[in-house]
Amino acid sequence: MKFDETRETYGKIATLYYMGELSQDEIAQIFNISRFKVSRVLKRCKELNIIEFRVNNKPHYYKSMEAQVIKGLDIKKCIIVNPGTTALESKTNVGKAGAKYLAERLKDGMLVGLDWGTTLQTMVREFSPEQQYHDSLFVQISGSTASQSVSDSWYMDGHDIVKSLATKAGAQWSLFPVPYIVKDKVLRDMLLEEKTIKSHIDYFKKLDIAFFGLSSCQPEVYIPFYKNYLSAKECNLLRKQERFGEVFSCLLDERGNAIDSILKDRVMTIEPELLKAVPETVALAAGKDKVKSIVAAARGGYFTTMITTEVVALSVLELLEREQEK
């Protein structure tokens with residue numbers, strides 16, 4: 001009998017699992033479907049708001065966890081937010097916290113560096129400063145990704161993020177008019193010598209604060225992005241290369257040291273050493289696939305402040321604890 005893909009059926013499965021305390025195997029037998037299918041239905045129930053979870057954590061609970069993360073990663077500040085029930089909700093919550101933090105930290109005359117990414121897009125929507133900062137400058141610190149195929153109408157490239165946030169703040173902006181990845185070092189060096197690009201890069205040395213996302217170390221996440229810039233052979237080499245973390249496409253080992261890769265000298269972003277010299281660097285991380293990158297980037301000194309979810313923070317602490325037990 002064909003499985004009835006309706007909201008009512010989904011509700012029955014959710015009720016049996018969460019309230020009836022039946023196992024996924026037992027539910028699979030009742031509906032004559034696979035255990036894997038049951039798992040997928042339960043996931044869809046969260047996305048469709050058929051089921052909702054609420055963990056009533058007290059404010060001091062997050063404060064205590066933030067203190068543990070600060071100590072474990074040896075950073076200056078950590079802001080933990082509710083993870084929500086979906087990946088999109090997690091990114092939204094982190095982006096909201098990022099927008100709030102930018103509004104709190106922003107002062108007239110500041111130079112603000114901005115990366116691109118879906119979490120930073122949420123920052124744009126949520127950013128609502130109480131005053132205008134006409135003498136501030138918002139600076140794009142990674143090249144453009146507009147060359148890749150993008151079907152989502154809500155997509156914002158790095159220059160869109162910079163211009164939108166600057167406009168809301170009544171500030172000025174400076175764009176980085178180059179691709180995120182170029183074909184080789186020769187082309188990269190030539191571009192960096194262009195007068196307008198050179199003038200823009202000079203701002204990297206004067207930044208007061210920078211906001212950026214951390215990369216995943218899971219091939220199924222990063223390869224679809226890199227295939228827009230690299231050949232199939234290069235993507236395969238990148239897939240096989242061992243790394244513990246990644247920040248601005250700079251591969252990192254377990255201690256946060258940079259690793260040579262085919263991406264070196266081809267990525268048009270702020271240089272790692274310049275990033276580490278910025279007085280405050282704010283890393284936004286909403287997914288568990290970023291945990292190793294968080295640990296490696298913190299050890300390498302790439303960020304001083306982290307905004308993340310409770311789930312990611314717990315996963316970071318768990319990883320640090322496992323390392324201590326070895």
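Guide: Welcome! One term before we start: two residues are in contact when heavy atoms of theirs lie within 4.5 Å. Please keep in mind that this is a predicted model.

Visitor: Then which residues does F138 touch?

Guide: Leaving aside residues up to four places away in sequence, F138 touches L102, L106, V112, L114, V162, L165, A166, A169, A171, Q172, W173 and S174. F138 itself lies in strand β3.

Visitor: Why is F138 called buried?

Guide: Buried means under 20% relative accessible area. F138 is at 0%, so it counts as buried.

Visitor: How do you know that S199 is neither buried nor exposed?

Guide: The class in between runs from the 20% limit for buried to the 50% limit for exposed. S199 has a relative accessibility of 39%, and therefore it is called partly exposed. You can find S199 in helix α9, residues 195-201. From S199 to F176 the C-alpha distance is 9.9 Å, with their positions 23 residues apart in sequence.

Visitor: Let's turn to the sheet. What is the order of its strands?

Guide: The order is β1-β9-β8-β5-β2-β3-β4, which makes 7 strands in an open sheet with parallel pairing.

Visitor: What makes β1 and β4 edge strands?

Guide: Each of them, β1 at 77-81 and β4 at 172-174, has a single partner strand, so one side of each has no neighbour in the sheet. On average, neighbouring strands here are turned by 20° against each other, direction ignored.

Visitor: How do you know that β2 and β5 pair?

Guide: Two strands count as paired when there are at least two bridges between them. Between β2 (residues 111-114) and β5 (residues 209-213) there are 3 bridges, so they meet that cut-off, and their sense is parallel. Along this pair, G113 is opposite A210, and L114 is opposite F211.

Visitor: What about the pairing of β2 with β3?

Guide: These two are joined by 4 bridges, again in the parallel sense, so the requirement of at least two is met. Here V112 stands opposite F138, the residue we began with. In β2, L111 and G113 point one way while V112 and L114 point the other, and all are buried.

Visitor: What lies across this part of the sheet?

Guide: Helix α7, residues 158-169, lies across β2, β3 and β4.

Visitor: Why can α7 and β3 be called roughly antiparallel?

Guide: Angles over 145 degrees count as roughly antiparallel. The angle between α7 and β3 is about 175°, so the name fits.

Visitor: Now β8. Why is β8 described as largely enclosed?

Guide: 6 of the 6 residues of β8 are buried, so the rest of the structure largely encloses this strand. Both faces are covered: E280, V282 and L284 are on one side, with T281, A283 and A285 on the other.

Visitor: What makes T281 a buried residue?

Guide: Its relative accessible area is 1%, and the limit for buried is under 20%, so T281 qualifies. Not counting residues up to four places away in sequence, T281 touches A210, F212, L275, Y302, F303, T304 and T305. One of these, A210, is also the bridge partner of T281.

Visitor: How many bridges join β8 to β5 and to β9?

Guide: There are 5 between β5 and β8, and 4 between β8 and β9 (residues 305-309). Both pairs run parallel. In β9, M306 stands opposite A283. Together with helix α13 (residues 291-299), β8 and β9 make a right-handed β-α-β unit.

Visitor: Where does I294 belong in this picture?

Guide: I294 is in the largest nonpolar core, which has 48 residues; L73, I294 and F303 have the most contacts inside this core. I294 touches L73, L214, A285, F303, M306, V312 and V316, again without residues up to four places away in sequence. Apart from that core lies another, of 30 residues, among them V94, I161, V162 and F211.

Visitor: One last pair: why are α1 and α3 called roughly perpendicular?

Guide: Angles from 65 to 115 degrees earn that name. Helix α1 (residues 7-18) packs against α3 (residues 35-47) at about 100°, with the axes 10 Å apart. The pair is therefore roughly perpendicular. At the meeting place, Y10, I13, A14, Y17 and Y18 of α1 face V38, V41, L42, R44, C45 and K46 of α3 in contact.

Note on methods. Residues are numbered from 1 along each chain as its sequence is written. This is a predicted model: local features need pLDDT of at least 70, side-chain atom pairs count only at pLDDT 80 or more; totals for chains, interfaces and linings use all residues. Side-chain values use heavy atoms; hydrogens and water are left out. A nonpolar core is a set of buried Ala, Val, Leu, Ile, Met, Phe, Trp, Tyr and Cys residues joined through side-chain atoms within 4.5 Å. Buried means under 20% relative accessible area, exposed over 50%, partly exposed in between (1.4 Å probe, protein chains only). Axes are lines fitted to C-alpha atoms, for helices over the stretch in contact, and angles run from 0 to 180 degrees between N-to-C directions. A crossover is right-handed if, with the strands pointing away from the viewer, the path from the first strand over the helix to the second runs clockwise. Angles under 35 degrees count as roughly parallel, over 145 as roughly antiparallel, 65 to 115 as roughly perpendicular and the rest as oblique.
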